[in-house]
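This report describes one protein model, moving between single residues and the chain as a whole. The sequence and structure come first.

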Amino acid sequence: MVSGIVFDIRKYSVHDGPGIRTAVFLKGCPLHCLWCHNPEGLSFSPEILRRPERCLACGACALACPLKLEPRAEAGGQKCAACPAFGACVGACPAEALQLVGKRMSVGEVLDAIREDLPFYEESGGGVTFTGGEPLAQPEFILELLQACRAEGIHGALDTSGFAGRDLVVKAGTLADIVLFDLKLLDDERHKAVTGVSNAPILANLAALYEAGANVILRLPLIPGINDASVDLENMAHYIASLAAEAGPQKAHILPYHSAAKGKYSLRGENYAMGDTPVPSAEAVNKAAAIFEAAGISVTIGG
Ligand code: SF4
Ligand code: SF4
């Protein structure tokens, strides 16, 4: 059976589509957005996070390490790539000072976790949302998961950056009941600077999804200093409105920037590129919403 790397399964989410949802986080993403909320989902491999403040200095991790490393200082580093028992140190730690992020799961195992929440979906009109990372970066896995959900009548949402091959985007997007499609910036050079990739395939894939009749809800992160200038918002609003006029009024969620992920970067020994960027004011969020609404787009604030 097809399998993939999953780094979290969060129950009872109300931010990832309609109703109460199970959010399944697939590991690995080809983008590197400066404000990424899930940096632990960027790499395609399982990894180890260290929380030195929890460490009891008991030495249990070192005893478990086949490479005789000092895991409380080195776990997850380059030397661990050769580990024949990756994560043995994590299992040995009594204080959760080491955390394994990401594990291989079969489609069946993911489905088992999803099925546990069926009563909540039925009551709330919810379902499962595949997110990440970038779910389309594990093509076979996401297609099998979406197909399995469809076969079982489970509402499936695909949360994607849209950065993938056209055929895959259309196939997965039409298998999903909803596509939550992120759009960051129209200016390609600036898009490359803040995400690491061109937006050309993303925009082409969005148009292809509309053409294929997919149920698209746009997700528009509102990032101060990056895409919150009036001219950028107006250009984006006009672009969206012109894209699929025949598909009826467009729906968009404005996702105001927050810095909740800042602590995750320090766990990974990385700097947070957004520094002390403040969250957008209520006035700035309302102004952005008004710009999109004026272009005929139905706006929701938040996910
Ligand atoms: S992953 Fe393996 S090599 Fe690395 S610290 Fe843990 S037990 Fe040692
Ligand atoms: S096992 Fe955990 S608590 Fe003990 S030394 Fe290693 S990291 Fe610290």
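## Residues and overall fold

Apart from residues up to four places away in sequence, Thr 174 touches Arg 150, Ala 212 and Ala 214. The model is a predicted one. Thr 174 belongs to helix α7, which covers residues 166-175. With a relative accessible area of 33%, Thr 174 is partly exposed. Its C-alpha atom and that of Ile 48 are separated by 35 Å, the two residues being 126 residues apart along the chain.

**Overall build**

The protein contains twelve helices and eleven strands. Its radius of gyration is 20 Å, close to the 19 Å that the globule rule gives for 303 residues, so the protein is as compact as a globular protein of that length. Along the principal axes, the C-alpha atoms fill a box of roughly 65 × 45 × 35 Å. Of the 303 residues, 48% count as buried. When contacts between residues at least 6 apart in sequence are considered, 69% join residues at least 24 apart.

The accessible surface of the protein comes to about 13700 Å², and carbon and sulfur atoms account for 54% of that area. There are 25 positive and 34 negative side chains, and the centres of these two sets lie 6 Å apart.

**Domains**

The protein is divided into domain 1, made of 3-43 + 103-301, and domain 2, made of 47-101. Taken over C-alpha atoms, the centres of domain 1 and domain 2 are separated by 32 Å. Contact between the domains involves six residues of domain 1 and five residues of domain 2.

**Residues in loops and helices**

Gln 138 sits in the loop between β6 (127-132) and α6 (139-151). Gln 138 counts as buried, at 12% relative accessibility. Leaving out residues up to four places away in sequence, Gln 138 touches Gly 4, Ile 5, Leu 26 and Lys 27.

The loop between β6 and α6 also holds Gly 133. Gly 132 and Gly 133 are joined by a cis peptide bond, with omega about 15°.

Gly 17 is placed in the loop between β1 (3-13) and β2 (21-26). At 13% relative accessibility, this glycine counts as buried. Gly 17 and Gly 127 are 110 residues apart along the chain, while their C-alpha atoms are separated by 8.2 Å.

Ile 226 lies in the loop between β9 (216-222) and α10 (230-243). The relative accessible area of Ile 226 is 12%, and the residue is buried. Not counting neighbours within four places in sequence, Ile 226 is in contact with Leu 34, Trp 35, Leu 185, Arg 190, Val 194, Asp 232 and Met 274. From Ile 226 to Val 24 the C-alpha distance is 28 Å, with their positions 202 residues apart in sequence.

Ser 124 is part of helix α5, residues 118-124. Ser 124 is partly exposed, at 28% relative accessibility. Beyond its neighbours within four places in sequence, Ser 124 is in contact with Gly 19 and Ile 20. The C-alpha atoms of Ser 124 and Leu 63 are 48 Å apart, and the two residues are 61 residues apart along the chain.

The C-alpha separations given above are collected here.

| Residue pair | Separation along the chain | C-alpha distance |
|---|---|---|
| Thr 174 and Ile 48 | 126 residues | 35 Å |
| Gly 17 and Gly 127 | 110 residues | 8.2 Å |
| Ile 226 and Val 24 | 202 residues | 28 Å |
| Ser 124 and Leu 63 | 61 residues | 48 Å |

**Backbone geometry**

Most residues other than glycine have a negative phi, and most peptide bonds are trans. Tyr 12 is not a glycine, yet has a positive phi of about 60°. Tyr 12 is found in strand β1. Ala 57, likewise not a glycine, has a positive phi of about 55°. Ala 57 is located in the loop between β3 (47-50) and α1 (60-64). Ala 57 counts as partly exposed, at 48% relative accessibility.

Notes: Residues numbered from 1 in each chain as written. Chains lettered and ligands numbered in written order. Predicted model: local features only at pLDDT ≥ 70, side-chain atom pairs only at ≥ 80, totals over all residues. Heavy atoms only, no water. Helix = DSSP H or I, 4+ residues; strand = E, 2+ residues; numbered from the N terminus. Rg over C-alpha atoms; globule rule 2.2 N^0.38 Å. Buried < 20%, exposed > 50% of the residue type's maximum accessible area, 1.4 Å probe, protein only. Contact = heavy atoms within 4.5 Å. Areas by Shrake-Rupley, 256 points an atom, 1.4 Å probe, with all protein chains shown as cover. Lys, Arg positive; Asp, Glu negative; His and termini not counted. Charge placed at Lys NZ, Arg CZ, Asp CG, Glu CD. Domains from an automatic or database assignment.
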